[in-house]
Amino acid sequence: ALPDMVDMLALSVEGRDFLERQLHDLEERLRTAEAALAAYREEHQLVSLEAGENPTIQEMQHLNQLLTEAVAERIQKQSQYDLVRTGGKDSLPAVLASPLIVELKQRRAELEREYARLQKKYLPDYPQMVQLRSQVDEARASLGQEMGRIARGVEREFLAAQQREAALREQVKRSEQEALAQKSDS
């Protein structure tokens, strides 16, 4: 029975040695394959497609976020622009919040009240009435100019928001194409 145990022990040692050689060979083949893969990636400038490791995918995510913000801004600016186009300048937030507009409206209203009050006493060609009518016209013109300036600003902001959105859409498209090319190469 002892010689059988010795033979089994010798076979075990031989088996273990065989498995260790096989493991060593597999490890060597793995290192060679990994080195070849790394060389291929470097030669073809491939990067990981994982979002946290790939600058292209990170950029694409960032651009998509910027595009979402740009669309929201354009929609907000477009609603104000639509007000301008439909004659609703008085309702623009910038008009409502403008201290100069408030002051010009008050001045115009005071002059119009004064003109209406004096109209009961004097004819329209009376010198004081002519002067007051001129002041009312100037106040209206100043108010119109200031509201026009604000309206042009709203239009410029809307057009700029449209251009920014279009530019970001183009960047997103290029970034997506680059990511698809990287995916295809990988």
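In this predicted model, Glu146 counts as buried because its relative accessibility is 11%, and the cut-off for burial is under 20%. Glu146 is found in helix H5, which covers residues 127-185. Its side chain makes a polar contact with the side chain of Arg149, at 2.5 Å. Beyond the neighbours within four places in sequence, Glu146 is in contact with Ser98, Leu100, Ile101 and Leu104. Two of these partners, Ile101 and Leu104, are themselves buried residues of helix H4.

Helix H4 spans residues 99-119 and has 21 residues. From its first C-alpha to its last it reaches 30 Å, close to the 30 Å expected at 1.5 Å a residue. Buried in H4 are Ile101, Leu104, Leu111, Tyr115 and Leu118. Seen down the axis of H4, its buried residues fall within an arc of 130 degrees, so they line one face of the helix. Pro99, Glu103 and Arg113 are exposed on the other side of H4.

Ile101 and Leu104 also belong to the largest nonpolar core. This core has twelve residues in all. The other members are Tyr81, Val84, Leu92, Val95, Leu143, Met147, Ile150, Ala151, Val154 and Phe158. Helices H2 (55-85), H4 and H5 are the elements that give two or more residues to this core. H5 provides the largest share, six residues. Leu143, a member of the core, touches Ile101, Leu104, Lys105 and Arg108, not counting residues up to four places away in sequence. Ile101 and Leu104 thus recur as partners, listed for Leu143 and for Glu146. Apart from this core lies another, of seven residues. Among them are Tyr115, Leu118, Met129 and Ala139. Tyr115 and Leu118 are also among the buried residues of H4. In soluble globular proteins, nonpolar side chains tend to be buried together.

At the level of the whole chain, the fold is helical, with five helices and zero strands. The elements run α-α-α-α-α from the N terminus on. Buried residues make up 23% of the 186 residues in the protein chain. The accessible surface comes to about 13600 Å², and 54% of it belongs to carbon and sulfur atoms. Of the contacts between residues at least 6 apart in sequence, 70% join residues at least 24 apart.

Terms used:
Residues numbered from 1 in each chain as written. Predicted model: local features only at pLDDT ≥ 70, side-chain atom pairs only at ≥ 80, totals over all residues. Heavy atoms only, no water. Helix = DSSP H or I, 4+ residues; strand = E, 2+ residues; numbered from the N terminus. Buried < 20%, exposed > 50% of the residue type's maximum accessible area, 1.4 Å probe, protein only. Contact = heavy atoms within 4.5 Å. Areas by Shrake-Rupley, 256 points an atom, 1.4 Å probe, with all protein chains shown as cover. Expected span 1.5 Å × (residues − 1). Arc of directions from axis to C-beta. Polar contact = N/O pair within 3.5 Å; in protein donor to acceptor, adjacent residues only side chain to side chain. Core = buried A, V, L, I, M, F, W, Y, C linked by side-chain atoms within 4.5 Å.
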